[in-house]
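Dear colleague,

I am passing on the structure below, as agreed. Please look through it beside the notes that come after it, and tell me where your own reading differs.

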Amino acid sequence: MLYGVTIFLSAFLLFQVQPLIAKTILAWFGGSAAVWTTCILFFQVMLLGGYFYSHAVVRRLSPRQQAVVHSVALALAVALLPVIPNAGWKPAGTENPTLRILALLAATVGLPYLLCSTTGPLVQAWYARERAGTPYRLFALSNLGSMLALLTYPVVVEPYLSGRTQAWVWSAAFVTFAILCALLAWRASGMKPIEETRDAPDAGPAPTLGRKLLWIALAACPSLLMLAVTNHLTQDVAAIPFLWVLPLSIYLLSFILTFDARIWYIRNLFLVLLAPALGALAYLQWSEGQDPGMRWTIGLMAAGLFVACMVCHGELALRKPAPGHLTSFYLMLSVGGALGGLFVGVVAPYLFNSYFELPVGIAFCGLLAWLVAIEEDGLPFREAALSVSSICLLLGVLGLCVFLGRTMRDAVAGYLLAERNFYGMLRVREQDAGEWEGYRSLLHGSINHGEQWTHQQRRRELLTYYCDGSGIGRAMRSLDSGPRKIGVLGLGAGTMAAFGRPGDEVRFYEINPLVPVIANTQFSFFPDCPSRKEIAMGDGRLSLEREPSNQYDLLMMDAFSGDSIPVHLVTREAFTQYYRHLKLDGLIVMHISNKYLDLEPVLAGVANDLGKPARVYESDDDESGDCFGTTYVLFANSAERFNRPALAGGRPLQPKAGVAAWTDDYSNLFRILK
């Protein structure tokens, strides 16, 4: 019971802290989905460190020395609590965000997480020493705790506890875990090392280098696929915990099933299912521009990922060694997981100009399936590889690779520009619809972030979300005729610069260093703007916090991560900053057009808490398709501001039961899903 409770609690804490800490720092790094990927990379590297620590401790130290060293480490980790990030880690706007996040996480949660990650292999080694039995079902229990932590976070923890309360509760639970783990360490301190225990099943041969490399590959592939699927799901929706949780839960579920008992992994069945599973994942890459629908996308992605993870983890379970080599086995698993995370989190954003890690992962999985299939034939490798069935299977895998290669080529073909960095993928395309009707578009993932006519006489005409009848069009027409001072969070294609007139001052806030380059070279809204203009680099809200009051006539929130506004831009504290920078008769304009999230009740709560008037302005697609349907919310200091003719027709914000104003310490995206 003590072994089981300790392992379960440590695993629960491991995966409860991941969405907790990621959500806390998400606001500091622009709300990018890459924040989660970077956090997962950090946690995988820490897991590798924990497994290496366990392997070294079990092999190099006596049982009593193990108890002393581990108890001291646990005491140090308790002294570093609570796991609340220091505000001094907020970026200034010019740092490498990946390195900044990794350093922040190391300082905030590094040692507690490292010690939680040691528990699985270390406690299983102690268990095997005491019971002289097979401890691998404890690994399944560990993964069950991890999955329950992930599943309960968006529906039990996030809706009811503030971020600070979550951190304190987690820290208190860690103290309980530390006590239990220390008790186990001292309980095991009087026993013989596992290699000296007469009945320990340690007589099996040491794993070869080839077997260790296969363990690493089989662990790396599902890690790579899990993170690649997460990127695919979040780049066009929102960087929100319940979408982060789904792929990781599937990944953990496959671990639970395959390491619990052999009955769950029916080898012949899953190897057969792998072909349509990888085919479905490949299809979703090919059909990206055809929008098969979010439900179909999520369903197919989840099913394909589950089958691929079951195959990889099932093959790992079939190849697990005797308990005498347990820590070595887990060390190789953690090396593989970390390599998958490094590829997606660090290598891919700088190596690829599109989201190519998923096609790479699909091809990798197909090649691994071929390798494990021929390895189990019982024949020498050369003979098995040259068999008819092996050649047919390999040809199928190569065919899949060719298809994926063409898909990757088509993903960037025909674009004037395709670039990718920490903040996502940006592409510029031009539609040649005749000299008068040709236009150029900026895409973030597959979401349109602005268009411009290419004909010289039409280049200052407003399109997409910024047309005359939209909320921002009305707001600009309602401003006084004199020189205006305008602030805009989010540059995009630079369309807001088209509103600028001589004598105006327009200040853009932009976090992505690629965007100003694109706005200045691929579009002409910003370069041609006759106003005095500038771009402040860094997160818009953090920049506003550092600046003295700018006294804007209009402050526009047009910053999107994919299709969603970052959460930290719609909190009560954020609006306090916006009003600090606003003139008495000025307007705050919030663009909330969105496929999946209904932000209106959240803003209704903010307006009510601050005692400020607000109106909603909705517009429909026009017949030409040049102007998109939009939803804008305008805030002012007094209701009389909405009496101006240009703002006639707005409606009050509609609150929603159970949806309160968000704060920097509390938000709940689950309750505003459309």
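The notes below go through the sheets, the disulfide, two backbone points, and then the enclosed and open spaces.

This is a predicted model, in which local features need pLDDT of at least 70 and side-chain atom pairs count only at pLDDT 80 or more, while totals for chains, interfaces and linings use all residues. Residues are numbered from 1 along each chain as its sequence is written, and side-chain values use heavy atoms, with hydrogens and water left out.

Sheets

Helices (H or I, at least four residues) and strands (E, at least two) are DSSP runs numbered from the N terminus, and two strands count as paired if DSSP finds at least two bridges between them. One open sheet has four strands in the order 1-2-3-4, with antiparallel pairing. Its edge strands are strand 1 and strand 4, each of which pairs on one side only. On average, and with direction ignored, neighbouring strands of this sheet are turned by 15° against each other; axes here are lines fitted to C-alpha atoms, for helices over the stretch in contact, and angles run from 0 to 180 degrees between N-to-C directions. Five bridges join strand 1 to strand 2 (residues 424-431) in the antiparallel sense, and asparagine 421 stands opposite glycine 424 in strand 2.

The other sheet to describe is an open one of seven strands, with mixed pairing and the order 7-6-5-8-9-11-10. Strand 7 (532-537) and strand 10 (614-619) stand at its edges with a single partner strand each, so one side of each is left without a neighbour in the sheet. From one strand to the next, the twist averages 15°. Strand 6 (residues 505-510) pairs with strand 7 in the parallel sense over six bridges, and phenylalanine 508 has isoleucine 535 in strand 7 as its bridge partner.

Two helices can be placed against these strands, with contact taken as heavy atoms within 4.5 Å. Helix 19 (residues 572-580) lies across strand 5 (485-489), strand 8 (552-557), strand 9 (582-591) and strand 11 (630-635), and runs at about 135° to strand 9. Helix 20 (residues 600-610) packs on the sheet and touches strand 9, strand 10 and strand 11, its direction making about 5° with that of strand 11.

Disulfide and backbone

The structure holds one disulfide, the term being used for a pair of cysteine sulfur atoms within 2.5 Å. It is formed by cysteine 467 and cysteine 627, with their sulfur atoms 2.0 Å apart. The torsion about the S-S bond of cysteine 467 and cysteine 627 is about -95°, so the disulfide is left-handed. The pair links distant parts of the chain, 160 residues apart: cysteine 467 is in the loop between strand 4 (447-453) and helix 15 (471-477), and cysteine 627 in the loop between strand 10 and strand 11.

The loop between strand 4 and helix 15 is also the place of threonine 464, a residue other than glycine whose phi has a positive value, near 55°. Elsewhere, leucine 81 and proline 82 are joined by a cis peptide bond with omega of about 5°, and proline 82 lies in the loop between helix 3 (63-79) and helix 4. For context, most residues other than glycine have a negative phi, and most peptide bonds are trans.

Cavities and a pocket

On a 1 Å grid over the protein atoms alone, a cavity is a set of points where a 1.4 Å probe fits but cannot get out, and a pocket is an open set with protein on both sides within 12 Å along at least five of seven lines; lining residues have an atom within 4 Å of a point. Grid points are joined across faces, edges and corners, and a volume is the space filled by probe spheres set on the points.

There are seven cavities of 30 Å³ or more, and the largest holds about 410 Å³ of space. Its lining has 29 residues, with Phe15, Leu47, Tyr51, Tyr251 and Phe255 nearest the centre. The second largest cavity holds about 200 Å³; 21 residues line it, and Ser32, Ala34, Asn231, Tyr355 and Phe422 are the closest to its centre. Helix 11 gives the most to this lining of the second largest cavity, with four residues.

The second largest pocket has about 630 Å³ of space, and of its 31 lining residues Lys23, Thr24, Ala27, Asp664 and Asp665 are the closest to the centre.

With best regards
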